[in-house]
Amino acid sequence: MTASDPSHAARSAEEILDIVDEHDRVVDRRPRAEAYARGLRHRCVFVEARDASGRVFTHRRTATKLVFPSLYDTFVGGVVGAGESYDEAALREAQEELGVSGLPRPEFLFKFLYDDGAGRSWWSAVYQVRCASPVRPQPEEVAWHGFLTDEEIEARLDTWEWVPDGLEAHRRLREFRGPAQDPPGGESQPETSPSA
């Protein structure tokens with residue numbers, strides 16, 4: 001399967017999502033394409049994956065993605081399917097996009113409501129995970145990838161074109177960790193998980 005495979009895009013558009021309100025309560029279910037087209041609030045996961053050296057998996061999305069095609073991101077992740085928990089989606093999306101199996105369960109960090117002010121809004125759960133295995137990203141999802149240090153990412157924030165929701169999650173993650181805190185290894189299990 002290649003990045004231009006139309007069947008992948010069609011399956012992605014037909015995926016059923018939980019539609020949620022401003023309090024993250026499920027109020028409906030709709031296909032992903034309809035949720036995007038009508039600006040229906042849904043759920044997403046953002047997983048920061050670091051290698052054994054602590055570098056962050058960074059990638060450029062393929063041109064066929066339904067939203068933010070060809071932009072850079074420091075997270076793997078995606079939408080939470082209907083009836084799926086945030087925790088389940090985080091592990092599924094991380095393993096799929098990184099192309100690894102047996103990944104440790106991503107550690108939940110925090111949740112926020114992303115709203116671009118132009119009709120796109122989703123509840124966003126942010127996770128971290130350590131990926132010591134070699135990655136084999138999905139070609140239909142990832143056009144380029146590399147592991148970058150935090151300093152290398154910061155140096156590129158103003159020169160590369162980033163996905164806006166990922167950039168917002170990146171900013172909030174820096175605030176969450178604080179200036180003196182090193183990124184944890186992602187080995188521990190979360191004490192609490194976001195609401196399902």
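## Salt bridges, cores and cavities in a predicted model

Mentor: This is a predicted model, and the count of salt bridges in it comes to 21.

Trainee: Okay, which residue forms a salt bridge with Glu 93?

Mentor: Arg 92 does, and the closest N and O atoms of the two residues are 3.1 Å apart. Glu 93 is buried, at a relative accessible area of 6%, while Arg 92 counts as partly exposed at 23% relative accessibility.

Trainee: And what does Arg 92 meet in the 3.6 Å salt bridge?

Mentor: That partner is Glu 96, with 3.6 Å from N to O. Arg 92 and Glu 96 are 4 residues apart in helix α3, residues 86-98, and so they are separated by about one helical turn. Glu 96 has a relative accessibility of 33%, which means that Glu 96 counts as partly exposed.

Trainee: Why can side chains like that pair at all?

Mentor: Side chains of opposite charge can pair when their charged atoms come close.

Trainee: Moving along the chain, where do Glu 175 and Arg 171 lie?

Mentor: Both are in helix α5, which covers residues 164-177, and they sit 4 residues apart, about one turn of the helix. Their side chains meet in a salt bridge of 2.6 Å, N to O. Glu 175 is exposed, with a relative accessible area of 55%, whereas Arg 171 counts as partly exposed at 31% relative accessibility.

Trainee: Which residues do salt bridges with shared partners join into one network?

Mentor: Asp 28, Arg 30, Glu 34 and Arg 38 are joined in that way.

Trainee: Let's switch to the inside. How many residues does the largest nonpolar core have?

Mentor: The largest nonpolar core has 22 residues, and Val 45, Leu 98 and Tyr 127 are those with the most contacts inside it. At least two residues of this core are supplied by each of β3 (42-50), α3 and β8 (121-130), and the largest share, 5 residues, comes from α3.

Trainee: Why would nonpolar side chains gather like that?

Mentor: In soluble globular proteins, nonpolar side chains tend to be buried together.

Trainee: What is Val 45 in contact with, leaving aside its neighbours within four places in sequence?

Mentor: With those neighbours left aside, the contacts of Val 45 include Val 76, Val 80, Tyr 86, Ala 89, Ala 90, Ala 125 and Tyr 127, and Glu 93 is also among them. That is the Glu 93 that forms a salt bridge with Arg 92. Apart from the largest core lies another core, of 20 residues, among them Leu 40, Phe 46, Phe 75 and Val 163.

Trainee: New topic: how many cavities of 30 Å³ or more does a search of the whole structure find?

Mentor: The search finds 2 of them. The largest has a volume of about 40 Å³, and the second largest has a volume of about 30 Å³.

Trainee: What lines the largest one?

Mentor: Its lining consists of Ala 35, Tyr 36, Gly 39, Leu 40, His 42, Val 67, Gly 119, Arg 120, Ser 121 and Trp 122. The elements that give two or more residues to that lining are α2 (32-38) and β8, and by class the lining has 5 nonpolar, 4 polar and 1 charged residues.

Trainee: Which element gives the largest share of the lining of the second largest cavity?

Mentor: Helix α5 does, with 3 residues. The residues that line the second largest cavity include Asp 73, Ile 153, Trp 162, Val 163, Leu 167 and His 170, and by class there are 5 nonpolar, 3 polar and 1 charged residues. Val 163 also belongs to the core of 20 residues.

Trainee: One more, Pro 194: where is that, and is it buried or exposed?

Mentor: Pro 194 is found in the segment after α5, and Pro 194 is buried, with a relative accessible area of 12%. Leaving aside its neighbours within four places in sequence, Pro 194 is in contact with Tyr 86, Asp 87, Phe 108, Lys 111, Ala 125 and Tyr 127. Pro 194 and Ser 124 are 70 residues apart in sequence, yet 9.8 Å apart in space from C-alpha to C-alpha.

Trainee: And what about the whole chain, how many helices and strands does it have?

Mentor: The protein chain has 5 helices and 9 strands, and buried residues make up 50% of its 196 residues. Among contacts between residues at least 6 apart in sequence, 64% join residues at least 24 apart.

Note on methods. Residues numbered from 1 in each chain as written. Predicted model: local features only at pLDDT ≥ 70, side-chain atom pairs only at ≥ 80, totals over all residues. Heavy atoms only, no water. Salt bridge = Lys/Arg side-chain N within 4 Å of Asp/Glu carboxyl O. Buried < 20%, exposed > 50% of the residue type's maximum accessible area, 1.4 Å probe, protein only. Core = buried A, V, L, I, M, F, W, Y, C linked by side-chain atoms within 4.5 Å. Contact = heavy atoms within 4.5 Å. 1 Å grid on protein atoms, 1.4 Å probe; cavity = no way out; pocket = protein on both sides within 12 Å on 5 of 7 lines; lining within 4 Å. Points joined across faces, edges and corners; volume = space filled by probe spheres on them. Nonpolar A, V, L, I, M, F, W, Y, C, P; charged D, E, K, R; others polar.
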